[in-house]
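Thanks, everyone. Let me put the structure up, and then we go through it piece by piece.

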Amino acid sequence: MREYSLNASQSLDAVLSPRHAQTLCAAGQMREFDAGEFICHQGDDARDVYLLARGGVKTVMLNSAGQESLLRIHLPGSLLGLIALTTYGMRDVSLIALQRSHVVVIARDAMLQLLRTDGDCAVHVIRLVLDRTRDLHMRVAELSANRVDQRLARALLSLSRPDPEGEADGTVALTHEELAQWINCRRPTVTSCMSRFALAGLIDRSKHRIVIADRTRLMQLVAV
């Protein structure tokens, strides 16, 4: 999928073919969002689906205690906001541009009509939904079974995966706060773990970016 999740073995190849992407672009309208701008808010009416054409977007969820969780990072070619296709009718997450981004906004009815008439595209969207469901199950299992340093190691491995389309350079650009939201812990805990990782030679930190220095040892930490 064209997104980063906690599943470090997940492919970053596009789920949608170029033909599907072109069809979606023709069915919607392009909008631009500045870095930090909300594409949609949690709790909004879910009327549209989004195709990220350029830039980067993060999916975040706010729980009843006011704690924010970072669920995934989207790359160009990612399909977002699929909750609009359900009977729920309300956004369960917020989508926020990480940088200046171009997003194709596709009305719910137009997306449903496309899925009805293009079975191949519908199969690809079903696959995307199932992959995201599997990722959610893994997150829940990891919270109960893994230590914070293991969850952080897995997150770093996932975020540093090479992108076949060259949109990401293999470094991790998230802040400690965002990493804490990603693995559901406190920011000081992430800062402490990152310091230990750096001292052990597992990562290098430079100019607000994190470079994986020893991928093998990080993988061994996750597997312990």
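A quick definition before the first helix pair: contact here means heavy atoms within 4.5 Å. And keep in mind that this is a predicted model.

Start with α2 and α3. Helix α2 covers residues 108-117, and helix α3 covers residues 119-145. Which residues of α2 and α3 meet? On the α2 side, they are Met111, Leu114, Leu115 and Thr117. On the α3 side, they are Gly119, Cys121, Ala122 and Val125. By class, that makes six nonpolar, two polar and no charged residues. The axes are 5 Å apart, at an angle of about 115 degrees. The perpendicular class runs from 65 to 115 degrees. So α2 and α3 count as roughly perpendicular to each other.

Next pair: α4 and α5. Helix α4 is residues 148-159, helix α5 is residues 176-183. Their axes lie 10 Å apart, and the packing angle is about 110 degrees. These two helices are therefore roughly perpendicular as well. From α4, the contact uses Val148, Arg151, Leu152, Ala155, Leu156 and Leu159. From α5, it uses Leu179, Trp182 and Ile183. Eight of these contact residues are nonpolar, none is polar and one is charged.

Now the cores. How many residues does the largest nonpolar core have? It has 32. Leu152, Leu156, Leu179, Trp182 and Phe197 have the most contacts inside it. At least two residues each come from β6 (68-74), α4, α5, α6 (187-199), β11 (209-212) and α7 (215-223). Helix α4 gives the largest share, six residues.

Look at Leu152 up close. Beyond four places in sequence, Leu152 touches Leu179, Ile183, Val190, Cys193, Met194 and Phe197. There is also a second, separate core, with 19 residues. Met1, Ala84, Met111 and Ala122 are among them. Two of those names came up earlier: Met111 in α2 and Ala122 in α3.

Back to α4 for Leu159. Is Leu159 buried or exposed? Its relative accessible area is 6%, so Leu159 is buried. Setting aside residues up to four places away, Leu159 touches Tyr4, Ile73, Thr171, Val172, Leu174, Leu179 and Trp182. For a distance across the fold, take Leu52. Leu159 and Leu52 are 107 residues apart in sequence, and their C-alpha atoms are 18 Å apart.

Over to Gln181, in helix α5. Gln181 has 11% relative accessibility, and buried means under 20%, so Gln181 counts as buried. Its contacts beyond four places in sequence are Glu68, Ser69, Leu70 and Arg139. Compare a residue 24 places along the chain, Arg205: the C-alpha atoms of Gln181 and Arg205 are separated by 20 Å.

Last stop: Ser101, in strand β9, residues 101-107. Ser101 is buried, at a relative accessible area of 0%. Which backbone oxygens lie by its side chain? The Gln99 oxygen is 2.8 Å from a polar side-chain atom of Ser101. The Gly56 oxygen is 3.1 Å from a polar atom of that side chain. Outside four places in sequence, Ser101 contacts Arg31, Glu32, Phe33, Leu52, Arg54, Gly55, Gly56 and Val57. So Gly56 appears both in that contact list and as a backbone oxygen partner.

That is the tour. Over to the group.

Conventions. Residues are numbered from 1 along each chain as its sequence is written. This is a predicted model: local features need pLDDT of at least 70, side-chain atom pairs count only at pLDDT 80 or more; totals for chains, interfaces and linings use all residues. Side-chain values use heavy atoms; hydrogens and water are left out. Axes are lines fitted to C-alpha atoms, for helices over the stretch in contact, and angles run from 0 to 180 degrees between N-to-C directions. Helices (H or I, at least four residues) and strands (E, at least two) are DSSP runs, numbered from the N terminus. Angles under 35 degrees count as roughly parallel, over 145 as roughly antiparallel, 65 to 115 as roughly perpendicular and the rest as oblique. Ala, Val, Leu, Ile, Met, Phe, Trp, Tyr, Cys and Pro count as nonpolar, Asp, Glu, Lys and Arg as charged, and the others, Gly among them, as polar. A nonpolar core is a set of buried Ala, Val, Leu, Ile, Met, Phe, Trp, Tyr and Cys residues joined through side-chain atoms within 4.5 Å. Buried means under 20% relative accessible area, exposed over 50%, partly exposed in between (1.4 Å probe, protein chains only). A polar contact is a pair of N or O atoms within 3.5 Å; within protein, one must be able to donate a hydrogen and the other to accept it, and residues adjacent in sequence count only if both atoms are side-chain atoms.
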